[in-house]
Amino acid sequence: MLKQFGVGVAIAGSGSATPTAKLTNEQLSQVVETSDEWIQSRTGMRERRVATVEESLCSLSVQASQKAIEAAQIPKEAIDLVILATSTPDDLFGSAAKIAHQVGATHAVAFDLTAACSGFVFGMVTAAQYIRTGVYQNVLLIGADVLSRWVDWSDRSTCVLFGDGAGAVVLRADETRDRLLGFELCSDGTQNHTLTLAFQGETKPLVDEVNAKLGNYQPITMNGREVYRFAVAKVPEVISKALFRANLTASDIDWLLLHQANQRIMDAVAQRLKLPSEKVISNIAKYGNTSAASIPLALDEAVRDGKVKVGDRIAASGFGAGLTWGAVIFEWGINNG
Ligand code: ACO
């Protein structure tokens, strides 16, 4: 149904890319004191991918983007905007413009968006605003992270959880129908300390009374139990709010597509929403938590496997550092009249 803005959003094509190097739970037990049994039973993860020295956030994002553009069947020059959702750009000034250049999106403006594991959901809503206002017609949205570069590989409570990857979708203006049916975004800075990748520095005196602070970003710290509790409480709530805005209920949903942080979180959320496990999209066993990449990566695999079909209704939810969390309800694909 058309809303007052007159232009709707279609999610037209997807792509993804992961590093070639696999790191299994068994191999991880040679790095830290852990076991396949502990990791699988607590998280559902069996292996993850780790970017090699030749790979980068940009190289994975470019591969994922090329596949998404091909699937969306639009010329790359037709892309108006590139949004890169990431917390781990190759360059802190941003990597989106470089990726846009490397995929040949020569007419696009590009910027990075940081909302940790919620980045892809926040990016989808951001992209939709540009489309709904009629400013842009074609937006390439990438979710990508290489957290292997930012974990403490001696901290078993975090290093076993994360993996690297990239996923992308093309969002298009659609004058006939709006397929972004509802959304809800949230953040809570009071809980910022529960999950950090923070800058730490030392004082460098410059001149009298003027000191700079020089340092670096420190590896991820996480209060796992707190984040777990937060996710299980807030994700069903935010999905329910997004469903309400879409004038739908959970039973109208074909697929539940959650940030792949922990299989137990996905199971608990599905249970709260009374959705059967067959409707839960999960690839956490193969990739672990790939942060902003996890939703588009799982979506792309489900589309290419023929599970998700044009017109299917998807409830997607991201949650993580910030803290941030959000949900989008959308219909997949563009050719369903
Ligand atoms: N191998 C073996 N033992 C371990 C490991 C490990 N890799 N890691 C921790 N342990 C031990 C702990 O030391 C602890 O031992 P103790 O009881 O002797 O102190 C024990 O296992 C239990 O630890 P818990 O933290 O209670 O384990 P829990 O069942 O809570 O699982 C986990 C931990 C998997 C991290 C869970 O809390 C979780 O998934 N939290 C949510 C994480 C998340 O969703 N993050 C998403 C956001 S990510 C982002 O935004 C970037």
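**Exercise 1. Which residue just after α3 takes a positive phi, and of about what value? Then work out the helix span and its packing.**

Before starting: this is a predicted model, where local features need pLDDT of at least 70, side-chain atom pairs count only at pLDDT 80 or more, and totals for chains, interfaces and linings use all residues. Residues are numbered from 1 along each chain as its sequence is written, and side-chain values use heavy atoms, with hydrogens and water left out.

*Solution.*
- Step 1: Go to the residue just after α3; Gln 73 has a positive phi of about 55°. Helices (H or I, at least four residues) and strands (E, at least two) are DSSP runs, numbered from the N terminus.
- Step 2: Check the span. With 16 residues (57–72), α3 reaches 22 Å from first C-alpha to last, close to the expected 22 Å; that expectation is 1.5 Å times one less than the number of residues.
- Step 3: Pick out the buried positions, where buried means under 20% relative accessible area, exposed over 50% and partly exposed in between (1.4 Å probe, protein chains only). Among them in α3 are Leu 57, Leu 60, Val 62, Ala 64 and Ile 69.
- Step 4: Find their partners. The buried residues of α3 pack against β1 (8–17), β4 (81–85), α4 (96–103), β6 (138–146) and β7 (164–174), with contact meaning heavy atoms within 4.5 Å.

**Exercise 2. Describe α8 from its cap to the residue that follows it.**

*Solution.*
- Step 1: Start at the N-terminal end. Asn 262 is the cap, with a side-chain oxygen 2.7 Å from the backbone nitrogen of Arg 264. A polar contact is a pair of N or O atoms within 3.5 Å; within protein, one must be able to donate a hydrogen and the other to accept it, and residues adjacent in sequence count only if both atoms are side-chain atoms.
- Step 2: List the buried residues of α8 (263–272): Ile 265, Met 266, Ala 268, Val 269 and Ala 270.
- Step 3: Look at the cover over those residues, which includes α7 (224–245), β13 (255–258), α9 (284–287) and β14 (313–320).
- Step 4: Step off the helix, and Lys 274 shows a positive phi of about 60°.

**Exercise 3. Compare the exposure of the partners in two helical salt bridges.**

*Solution.*
- Step 1: Set the criterion: a side-chain nitrogen of Lys or Arg within 4 Å of a carboxyl oxygen of Asp or Glu. The structure holds 10 salt bridges.
- Step 2: Take Arg 229 and Glu 226, whose closest N and O atoms are 2.9 Å apart. Because they sit three residues apart in α7, about one helical turn separates them. Arg 229 is exposed at 52%, while Glu 226 is partly exposed at 32%.
- Step 3: Take Asp 300 and Arg 304, which meet at 2.8 Å, N to O. Both lie in α10 (294–304), four residues apart. Asp 300 is buried at 2%, whereas Arg 304 is partly exposed at 49%.
- Step 4: Add the geometry: an α-helix has 3.6 residues a turn, so residues three or four places apart point the same way.

**Exercise 4. Place Thr 194 in its surroundings.**

*Solution.*
- Step 1: Locate Thr 194 in the loop between β8 (180–187) and β9 (195–196).
- Step 2: Classify it: at 5% relative accessible area, Thr 194 is buried.
- Step 3: Find the polar partner. A polar side-chain atom of Thr 194 lies 2.7 Å from the backbone oxygen of Gln 191.
- Step 4: Leave aside neighbours within four places in sequence; the contacts of Thr 194 then include Met 222, Glu 226 and Leu 323.
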